[in-house]
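Visitor: Could you take me on a close look at one part of this model, the second of its cavities, and then show me what surrounds it?

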Amino acid sequence: MAFFYIMKKTLLFLLFFGLSITHAQEKVNFKKKKFYVPAIAYSQYPCLDNVLTQTTIYQVDKELKGEEIKFKKKFFNIDGYLKQPEGRLKIYVTIPLPQYSRTQADSTYDKENKQWKYSVYSNYRVNINVQVKCIDQIIFSQDFDNSEIDRVSGNLQKSQLTKAIEDTDRTIRESNVDENLGLERVLEASMYRIQYLLNYKLSYSTTESKEKFEFMTSKEHSEYAKMLSFQNEITTQLEQITVEKGFDAKLLAPHLAYLESLVVKYPQSEANSNIRFILTNNLAYAYLLIENKEKAIYYANLLIQNDQQTSRGTDIIDRVNKANFVDNIVRTHTNRFAELKKLGFKIQEDKEDARLAFFEKIERQDVDWEQEKITRTKYLGLINDRRNNILDSIAFQNNPELLAKIIIGLGGNEAIKNIQKVHLLSKLNFEESNVPQTEEKWATPTNYLLRKKMPDNYYEIINGPEAWSYQDRSVGEKWVKLNNSDYWEISNNLDPINLLTSFRFDLWNKLELLPDETSDGRLCYHLSYTEKTVNAKNRVIPKTEYHFFIDKEKFNIVSSEKTEFENGNRNSFERKVYQDYREITALNNGKIPHRILYEFEDYYGDTFYQEDRDKVEVNPVFSNRIFMKEVYAGGFK
């Protein structure tokens, strides 16, 4: 039978680990296991379960016939189907001519350059009707009436706006449909949103979901051996689940019959509370797994009546009620994708498309990389310029008096501007590990090298716009080119003050001064900034949150905190405490921390360690040749 899953989309492949918790008063052991279970993420409409082909039929305005050809190539691509002229899933799309309304101006304030930026965009009313049929039954119908904008031009001066609006408005009203590229852009914007919604409602895919189950045992009880046998059988079953085949209830039948007999053998009473807690919990979860809706609810109710952690029973009932049952099973396992592979439709076309797509992808990657190199090279040139601009105009920055005192503590304007090279040598001491680790860093305004011994070798290199990492323990290629996010993350080390102290000149004018707080036993200024982004649903969500705590007497950084978010949810937390500040001669006796305490919280768990800097050198002598990975011929010597 199929494996049960509570949400609309359920899922793939198994992994588990155990965690034992003992309730002292109850004398019951909880064995918590987490599984990654393969399954099908199914559509909202059961009638599509045996439908494998789709087709889209367009009825468009006569002036949009040219666009219809493009739409047939681009839309609609619903996951889990093959396109076929006579597909059993039919999508009917009616598209009248979008209506232009007017052209308007928009403005945004550039905080970095402290100026307004202006742009011009045109408004269109786009109405698209979509009707979906499963064979001959209408299962979905909706009018999508959208207000779309086409951004015509940007980076205008305020004095240019009136003329730009008049010229754009006149051009649109006087041009024919074929000449108006804005129509194509606004129609495609609406169609992509519709495709996203249809995929959500109609698609089938293989995916992966984490499922947590808690099994109960009590070694002190005479029934322990057989209850453990039941648990082992459940675990074995979960290892055998595939996309096509779900749970096999027959192998569990003798175990379930035995557990049910124990429920009768131990009637409800205070003396039998513990054993009934174990039995009803295991039975409720087991029937949840094999999708026996009635028995899952029955034993969940007995679990609630037992009056020990009643939330367990209510959780199971809630999951059953939210499940999508068809013919007494959950639609999470099917041979749909095996059947799709057997179909002969579009095989030749798919092969040709794949071949062309491969070369187009290579070409596109080359173009994207050349553009990315230009962007990175431009950024490298801006790092020093932005820092020096701030140093030369402290009075015009946010919180200028505090900034001036921090800069004096670091050695002053000229000492900071004169930093061209940095070298750090540190020892790392971890709370739960006796393995010695060393870390060495070199940096210039355009290059960075990290060399770690832990005890395997690990390296990171920035050489201009390129960045690489190297690991001894990697299987296969040991050199790996860093992606964009990793590059921008470690590129902060190209700023020598950030590398030495974690002080971020690039964030200063974004930081908000909050009420004073105590950090590491010292009264501090508290500065904070939250970087935000926009998600796929056009919602502004947090991306990264920064906090800096500055000593109110010595004006150096006492601690810093950074919280990373993923889709608006907290993903990781990092805290650093800076201690043992010492004077550096090359920085005009400015003080740099020689001990840093680290605290990390992420999906790996909690990590604490201490960095002790044995060597801090400013403007030492070393060759930029060390930043060329080719020097090492596959490994560092």
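Guide: Sure, let's start with the walls. This is a predicted model, by the way, and in it the second largest cavity is lined by Phe503, Arg504, Trp508, Leu511, Leu527, Phe548, Ile550 and Ile557. Sort those by class and you get seven nonpolar residues, no polar ones and one charged. The space inside comes to about 40 Å³.

Now stay with Phe503, one of the lining residues. Skip its neighbours within four places in sequence, and Phe503 is in contact with Leu403, Ile406, Ile497, Asn498, Trp508 and Ile557. Two of those names should ring a bell: Trp508 and Ile557 also belong to the lining of this cavity.

Zoom out a bit and you meet the largest nonpolar core, which has 52 residues. Phe503 and Trp508 are among the members that touch the most others, along with Leu402, Leu500, Phe505 and Leu587. As background, nonpolar side chains in soluble globular proteins tend to be buried together. There's also a second, separate core of 37 residues, and Tyr42, Ile128, Val130 and Val186 are included in that one.

How many cavities of 30 Å³ or more does the structure hold? Two. The largest also has about 40 Å³ of space, and its lining is made up of Ile419, Gln420, Lys421, Val422, Ala443, Thr444, Pro445, Leu494 and Pro496. By class, that lining splits into six nonpolar, two polar and one charged.

Pick Val422 out of that lining and you can walk straight into a set of paired strands. Val422 stands opposite Val618 in strand E24. Strand E12, residues 422–430, runs antiparallel to E24, residues 605–618, and nine bridges join them. E24 also pairs with E23, residues 590–602, again in the antiparallel sense, this time over eight bridges. A hairpin through two residues connects E23 to E24, and Asp602 has Gly605 in E24 as its bridge partner.

One last stop, at Glu223. You'll find Glu223 in the loop between strand E9 (205–217) and helix H4 (224–239). Is this residue, Glu223, buried or exposed? Glu223 counts as buried, because its relative accessibility is 10% and the cut-off for buried is under 20%. Leaving out residues up to four places away in sequence, Glu223 touches Tyr258, Leu262, Lys265 and Tyr266. Glu223 and Ile275 are 52 residues apart in sequence, with 9.2 Å between their C-alpha atoms.

Terms used. Residues are numbered from 1 along each chain as its sequence is written. This is a predicted model: local features need pLDDT of at least 70, side-chain atom pairs count only at pLDDT 80 or more; totals for chains, interfaces and linings use all residues. Side-chain values use heavy atoms; hydrogens and water are left out. Two strands pair if DSSP finds at least two bridges between them. Helices (H or I, at least four residues) and strands (E, at least two) are DSSP runs, numbered from the N terminus. On a 1 Å grid over the protein atoms alone, a cavity is a set of points where a 1.4 Å probe fits but cannot get out, and a pocket is an open set with protein on both sides within 12 Å along at least five of seven lines; lining residues have an atom within 4 Å of a point. Grid points are joined across faces, edges and corners, and a volume is the space filled by probe spheres set on the points. Ala, Val, Leu, Ile, Met, Phe, Trp, Tyr, Cys and Pro count as nonpolar, Asp, Glu, Lys and Arg as charged, and the others, Gly among them, as polar. A nonpolar core is a set of buried Ala, Val, Leu, Ile, Met, Phe, Trp, Tyr and Cys residues joined through side-chain atoms within 4.5 Å. Buried means under 20% relative accessible area, exposed over 50%, partly exposed in between (1.4 Å probe, protein chains only). Contact means heavy atoms within 4.5 Å.
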